[in-house]
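Hello,

Here is the structure I said I would pass on. Please look through it before reading my notes below.

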Amino acid sequence: MNNILTQIGIENYIFLCVTLFCIGIFGVLYRRNAIIVFMSIEIMLNAVNLLFVAFSTYHQDTQGQVFVFFSMAVAAAEVAVGLAILVSIFRNIGSISIDNLKNLKG
Amino acid sequence: MTTLIAIVGLGILSLIFEIFDFRKAIIPVTIIGLLAILGLTVSEFNSPESYYNNMIVVSKFSVSFSSLFIVLTIFLIALSHNFYDNHQSKLSDYIAIKIFLLAGAVAMVSFGNLAMFFLGIEILSISLYILAASNRVNIKSNEAGMKYFLMGSFASGIILFGICMIYGAMGSFDIVEISDMSQSAELPIWFPIGIVLVTIGMLFKIAAVPFHFWAPDVYEGSPTLTTALMSTLAKVVAIATLYKLLSAMNADINYSFQIVVVIISIASMTVGNIMALRQVNVKRMLAFSGISHAGFMLMALLSLSTSAGSLLYYTSAYALSGIAAFSVILYVCKNRENEDIVNFHGLGKTNPLLAAILTASLLSMAGIPIFAGFFAKLVLFSQTIQAGYLVVVIFAVINSIISVGYYFKLILAMYTKEPNETRTAKPFLIYAVAVVAILLNIIIGLFPSLVLDLLA
Amino acid sequence: MAMDTNLALVLLLTPFLGFLINVFFGKSLGKSASGIIGTLSVVVSFIVAVSFFLQINETKQAINIQLFDWIQISKFNVSFGFLLDQLSVLWLLFVTGIGSLIHLYSISYMHDDEKMHSFFAYLNLFIFFMITLVVGSNLLVMFIGWEGVGLCSYLLIGFWYKNQSYNDAAKKAFIMNRIGDLGLLIGIFILGSLFSTLDFASLQTAIAAAKGVDTFWLSIAALALFIGACGKSAQIPLYTWLPDAMAGPTPVSALIHAATMVTAGIFMVSRMHFLFDLTPEIQTIIAVIGGVTSLVAATIGLVQNDIKKVLAYSTVSQLGLMFLALGFGAYEVAIFHVITHAFFKACLFLGSGSVIHGLHGEQDMRKMGGLKKAMPITFWTMLISSLAISGVPVFSGFFSKDEILMTAFHHNIPLWVVGSVASIMTAFYMFRLMFLTFFNDFRGTEEQKHHLHESPALITFPLIVLAILAAVGGLISLPGNSWLNEYLAPLFAKAGTEEHHLGTTEYMLMAIAVVGGFIGIGIAYAKYIKQNTVPSEDAEITGVSKVLYNKYYIDELYDSLFVAPINSLSKLFRDYVETGISSLVFGLGKAANELSYQGKKLQNGSVGLYLFGFVLGMCAIISYLFLAQ
Amino acid sequence: MNISLILIILLVGSFATYLAGDKLASKVALFFGLAATGCTIVLLNHFNLGENISYSSQWITLPKVSFALQADGLSLAMILLTTVLTAIIILSSFDNEFKNAKAIYALILFMSFAMTGTFLASDGLLYYIFWELSLIPIYFIALIWGNGDAEERKKAVVKFFIYTLAGSLFMLVAFVYMYQKAGSFLIEDLYKLKLDINEQKWIFTAFFLAYAIKIPLIPFHTWQANVYQKAPTLGTMLLSGIMLKMGLYSLIRWQLPLAPLAAKEYMYIFIGVGIAGVIYGSIVALRQKDLKKLLAYSSLAHVGLIAAGTYALNLDGFRGAVLQMIAHGFVVVGLFFAAEIIFRRYETRLIADLGGIRAQSPKFTSMFLILVLASVALPTTFNFIGEFTVLYSLSQVNIWFAILGGTTIILGAYYMLKMFQHVMLGETNTKTFADVTLSEGLTLVIIIAVLFFFGLYPKPINDLITPSLETILNTINKYN
């Protein structure tokens, strides 16, 4: 493991993850379909997870990998809640486009 | 530590009660339980200690803030009796969720490790998403939940990324180690970036400009009790955590970072107050006032080393008056389709006591003397001037003047308008909560040292 | 000394007591009772005054009584005190003396008025304040009386308060006096800060001692004081209130606006003579103003048809003569004329009152005439007084006026001319008055005609007394050996020098004055007896006489210069400035609201936008913190 | 036995009044008002015997705030004014029928409690707290019991509240700033503070904002006339009689000693402002249609003169100002009460609708006239003493100030007599006007008695206030 890191270099991992993270952000910003927004958020989280792993290898320290489990679990829980909310929205207005959520404003 | 465990236990207990159908007993039991836990927590005040190799660190700071959270939760649960009386079947869920939320809150202020911090904030957030959307049939509630969820998880992503960066820089999640290392001269650039990202995430939670957009919508859409919870408990937790985080990370050393805080704080005050002026929906108005108060609280971050006590004081003052105000709102807007000011017309005649309480809490928020809000502002001003940011104080003053404008809109509606109909019901718990909350507010207003000296 | 104090208090407080009684019990006491009480209270003070007079005349010692500290100023205290010396006692004599006569007169004159008791209350109050003014031992105590008499004249001019035009006259009088009072106050301030005392005695010594004092400030002070005098004694430019003051009941005009109050200015100047003596330029101003006033007032008097208005203007003119004398430092001369004038002018007013009484309120001389037979006593008394005022020899006026003119001649020929012309005119209009009122045949309505009757004894008695005094009053200061001058000598250091030995010039002057007087009378006789002309109706008056009849349009001038501008300014402020400022204040609130309104549009409920803001903020912060540095 | 007793009496009184219920409220309130007055007099006596009647105790450790009440001649004089006027005001409203009377009387006592505190507090923050506290009751009094169109009233009152609050908040900032320097809010520590001229200028301005709005001085006066007009008369009395004096008192107690250099530098400007107020107020008063508004503007003129006197920074100025404060307090309360009496009879305050009252009510007329004369400072009334002393002090600064300020005795006479003429005189009014009732008469008589007594013998008050004023003057002159 270690030598791979030395070959490639931690920076590249960081760039990769940042790129992924930004892709996630742009996804959140530009897509209107709630499901896809969820997925973009997932991309963000997973980018971070990947970075965690990379760092933990870099530091030769397992805490980072443990943390990944935390964040996965949390992400799962979040999505579960999110989907639940989405379902009830779909029940109410029959659409999952977040552009329809404009009753509350001003 | 025991606090945390006890709280979780209590949450589970309330779920079990549901199974055995002791629905009636849930609220009393939880309240009693929480009181017991409060005692337990307070007893830990003078015995700072850390558990599970610094996962949880019990300090004066954590204890005092957790006690505040517990008190607030007690109020909120007491209020929920009347609030949920027409869907009893889910009562235990609501209570349980609130208690778990409290657990998250406590975890957040007493974390010794970023993992704990992350878990805490997620527990808090997720419970809040659920509560916000808890009124399934009401599209507004759904929308509020959805908006909060989307942005909240986005913010969590940012926080997570920040934590990751910090980890990358320090190779550890342990606060103590991190702060030790942060003293050393050369730090990788990731570390400050990480701190900033985490800070931004927390700023979102306390709804500071420009991360505040969610607050008004979510506050308006969510069930009123949830709004109360968000505007009091959630906000307080977030600011306390941010404070702890930054003081642990020695972020106040950096001047340009303080400039950012200054700008954000001024912006929050101003935007919050200006926007609140034209609101007709009371919850929405309080949301904006909450934003401005977030701005005030941020002033505490300008003198990290000294302002723990004053932050505690400000948050308690704010939260208590918020609780009092919301309990009146709960009473007034029960079984109404909205929370517009119209509903408050003539409250001064139909129900002088509650009107007086609401007035008092609003005056406290506006910072009129003998109410705690005044001293809260005073101590913050004093510290900020000491820190050399007179300009912030000037803005704060101007904003306090603006804020009077909309607080008084409500007071005027209560006293000068004719009542549209009379309310007969006099739910005991709401009265009790309102009175106790405002009394506490006045007491700490008259004897600020009670709170101020805790963390001095 | 204690004796004196008590006496002084009696002197001062009996009229006040009378006032209180009349205020609180007047109505229940009934008219006659309240009248008698009022009169008695003044008579008492008169007696006390006489006793003081005898004492002073005996000892030549001024009595100085200090009661208690009144106002504390950092540099000095002002105490409540009385100063009874030749001057004040002299004034007391004729104030209380004529006062009692006029009270007596009023008992009958006001008997038909339902508010008689309040009338007497006011009169007593006036006497009280007048005494305070005269006996005050320092400028501020004098100021109490000064303002007090102003108040009383306000109350009495507006005595028939249902008539708003009377109230206007009262208000005008009060405010014009106030203008003078401000001057007086300023003078007091300056003197106070220069010499840190306001007490007459100590001021005199202080000013005498003070060599280093900047004479500029002294002159300012003197001028300020003189402005005060102008207000009270109706001199140009502040004289216009006096003619309007005739709105009050006739006894009031006699007492306040002829005999006593209006002479307060002369009193004050003579009191402060030690100041004026040091400021010759101010004295010149005084002389000039006095002369001009006497002439202007006389010219106006020529054409007035209201019997009281004529007397009013003659009063102004006579006061002008007195100031003329003051201007030349001839205080005792001025005082002499004050006294004689008090006699004959009071008599004239009361006489006119009796006429008006006889005609049931008619004041227009064009509707009188031929009253000689109907009311002989009134006629004869008024005739004597008219002779006196016209300066016909042996009558009192002759001596006093002659003294003034002589003094004027010795100092300043042009002013002497002015004075002489004024006195000729005086002779003319006084006899115009007499002829129009008493000669030829009655021009009033039939109904009035057979009600014509002589007034009752209570009215005629004071007339007779005053007429006698007017006739013989001159004796107190005969040219050559003047009792008055000697009496006042201790007061006015250089009084003696003013004494003129009677040389040819003096006799020549007397002759001129007398001839002038007779010329005036003659013209009047020719015009109103020979040709038997009657002044034309207001509408037909034209040319110069129109200007005169309208008093040179001075009132109109003042209105357009001061009153109107202030009022329109007030309107401007009220309607525009006030609203302007307040809308400025509201404007801030409005602006905030507008901002809020715009802000609501930003909060448009779209998650996308919110997140965009979020990210934007985040980028801004990061770029500021990391990319900028 | 110390001065906190007065505060206790008033506070207890306000609760007791509220509990007493609508029937008894006025009586109970009057009782406590008189109790406070009596207590004040007793304490005054102790004070004159040289006893120390001040009270001080630690309150908040951090920031260091102590509950310090200090009684010197000046504050005692003001308290005497407050308590006596409170009693008078309560007495004056005996003939009014208020809805929810217990509340309004309780508020009155509470307000007088707060104002007393303001006059007593010798700790900056305590002072500020009382200062703000006094705002709440009058806000509700004016809002709930006021007269005229509700919307208009609301606008006026809210403007008043926000405006005054705005001013005082800047004062708070100034206090906090000084606290950072001095490490304490205690007045003596603040007096010891040596700030440089620029700091002083800022502090002076901050204080000036607070006081100029409260007093009010032009151009910060726009709230005044409307609120005076809209508030119920006893509210107006509280405002004009006492509350406005808080501002003037604070000039002497706080602003000038804390920023003496600035005060000296700006002296002429602020005297000018005061005198401009005199002239402006008098002129605006001339053409007012509403009796209460007219009185409001007359009050504006008078306080302008008082403020000018304080800014003259000499003993006479201070002394005259304080005397005039007290005198004006009484006379203005009397005048507003006269307006109220008329309103009770005729249900209007429009001068145009009045007139011809004198014939029907000799007693009322004479008392009203005396009050009018007092307010135009006729000698032997208390107001003359004050006005004379103030004008004298101004003449010490510059004779022109005295002359311009002196126009008040002309213009004042003009608008007051004009008002009197059109309100009271003229043809007998068709509507009958009952003469004063017992309580009305009593109230007016008391006021008039006070005015005349001190008009003839101001020495007691003079001796009371002079020493404290001298100490303050010394503080002001500490720099040179």
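Backbone notes

The place to begin is Val394(C), which sits in the loop between helix H17 (376-389) and helix H18 (396-411) of chain C. Please keep in mind that this is a predicted model.

Most residues other than glycine have a negative phi, and most peptide bonds are trans. The four places below depart from one or the other of these habits.

Positive phi

Val394(C) is not a glycine, yet its phi is positive, near 65°. Is Val394(C) buried or exposed? A residue is exposed if 12 or fewer other C-beta atoms lie within 10 Å of its own. Val394(C) has 12 such neighbours, so it counts as exposed.

Tyr553(C) also has a positive phi, about 55°, and is not a glycine either. Where is Tyr553(C) in chain C? It is in the loop between helix H25 (543-549) and helix H26 (554-602). Tyr553(C) counts as exposed because it has 12 C-beta neighbours inside 10 Å.

Cis peptide bonds

In chain B, the bond between Val209(B) and Pro210(B) is cis, with an omega of about 0°. Pro210(B) belongs to the loop between helix H8 (190-205) and helix H9 (214-221) of that chain.

Which peptide bond is cis in chain C, with omega near 5°? It is the one that runs from Ile236(C) to Pro237(C). Pro237(C) is found in the loop between helix H8 (215-232) and helix H9 (241-244) of chain C.

Regards

Terms used. Residues numbered from 1 in each chain as written. Chains lettered and ligands numbered in written order. Predicted model: local features only at pLDDT ≥ 70, side-chain atom pairs only at ≥ 80, totals over all residues. Helix = DSSP H or I, 4+ residues; strand = E, 2+ residues; numbered from the N terminus. Buried ≥ 20, exposed ≤ 12 C-beta atoms within 10 Å, placed from the backbone.
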